[in-house]
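Trainee: I am new to this structure and should like to be guided through it by questions. May we begin once it is displayed?

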Amino acid sequence: MPLEALQQSFADALLEQARVSALLPALADPDGRATERLALYRGNLVAAWQKALASTYPVVRAIVGEEFFDALAREYGRAHPSASGDLNRFGERFAAFVAAFEHTQSLPYLPDVAALEWLVHRAHYAADAASVVRTRIAALLPHELLALRFDLHPACAWTDSHYPVATIWRAHQPEADCALPDAPVAGEIALVVRPRWKVEVVASSPGEIAALQTLREDQPLQAAIEVALDAEPAFDLARMLVRWLDLGVLVRMRTSLDT
């Protein structure tokens, strides 16, 4: 059997026990224990899936319980085997998988919680960048400030949900500053940030996200304010700038002449 075909047959046998018989003729098996060894290998593989996903999705695991989560991880691994040697990338499709999985339909908010946890996971491993400090902003004249462009911290991300995902996430943290909602019916926009090396999730608003998206598209602050006010007439730039600086969202400011 060619090497590539052998490797594929081995992977198939790990994912589905029914395919073991197709692999056995290609294996040296002097003591007749190849099937047993494959079962051990399969068990280690599933354990690795479960451990990787539990690390990435601790809130989902807390919601559904350890036993159900382990079964969910096993089914996800079979549907989406890791294509990378880095298991930190393994859970990329987990939210979509949960949304389609038959036995999670009674928890309609769960896929959105998973989507938020993936952003938190990515934020944890995002590159570092020095945040803009207040003194640099304070030294600018109003017209100078409005003409500036800002880069966003690599960890900065957001997700819009029909459910209170930011509150659900925060309520499951070791030092929770809020309680679980009585019923997850009110939508939230969750903003993921990483000030001072620790990932945080805070509730956001349409105006804030519109402004951040405009800045990410390399538009000046003036343009960001305009789209923010369209999305949210009560948008307060002064308050939002203080918030962004405190959360480490802005990492580089530049004029249109800078590259």
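Mentor: We may; a residue is called buried when its relative accessible area is under 20%. Please keep in mind that this is a predicted model.

Trainee: Is W49 buried or exposed?

Mentor: The cut-off for a buried residue is under 20% relative accessible area. W49 has a relative accessible area of 3%, so W49 is buried.

Trainee: Is the pair formed by the rings of W49 and F90 stacked or edge-to-face?

Mentor: A pair of aromatic rings is described by the distance of the centres and the angle of the planes. Planes under 30 degrees apart count as stacked. The ring centres of W49 and F90 are 6.2 Å apart and their planes stand at 20 degrees, so this pair is stacked.

Trainee: How many residues apart in sequence are the parts that this pair of W49 and F90 ties together?

Mentor: F90, like its partner, is buried, with a relative accessible area of 4%. W49 lies in helix α3 (residues 34-56), while F90 lies in the loop between α5 and α6 (94-100). The pair therefore ties together parts whose separation in sequence is 41 residues.

Trainee: Which residues are linked into a cluster by ring pairs?

Mentor: The count of aromatic pairs comes to 8. Ring pairs link into a cluster the residues W49, Y57, F69, Y76, F90, F94, F97 and F101.

Trainee: Where around the axis of α5 do its buried residues lie?

Mentor: Helix α5 (residues 66-79) has 14 residues and reaches 20 Å from its first C-alpha to its last. Its buried residues are F69, L72, A73, Y76 and G77. Because these cover an arc of only 135 degrees around the axis, they lie on the same side of α5.

Trainee: Which element gives the most to the largest nonpolar core?

Mentor: The largest nonpolar core has 38 residues, and those with the most contacts inside it include L53, Y57, F94 and L116. Among the elements giving two or more residues to this core are α3, α5, α7 (110-125) and β3 (188-193). With 8 residues, the element that gives the most is α7.

Trainee: Which residues is S205 in contact with, leaving aside its neighbours within four places in sequence?

Mentor: S205 is placed in the loop between β4 (200-204) and α11 (206-216). At 15% relative accessibility, S205 counts as buried. With its neighbours within four places in sequence left aside, S205 is in contact with I189 and E232.

Technical notes
Residues numbered from 1 in each chain as written. Predicted model: local features only at pLDDT ≥ 70, side-chain atom pairs only at ≥ 80, totals over all residues. Heavy atoms only, no water. Helix = DSSP H or I, 4+ residues; strand = E, 2+ residues; numbered from the N terminus. Expected span 1.5 Å × (residues − 1). Buried < 20%, exposed > 50% of the residue type's maximum accessible area, 1.4 Å probe, protein only. Arc of directions from axis to C-beta. Phe/Tyr/Trp six-rings, centres within 6.5 Å; stacked < 30°, edge-to-face > 60°. Core = buried A, V, L, I, M, F, W, Y, C linked by side-chain atoms within 4.5 Å. Contact = heavy atoms within 4.5 Å.
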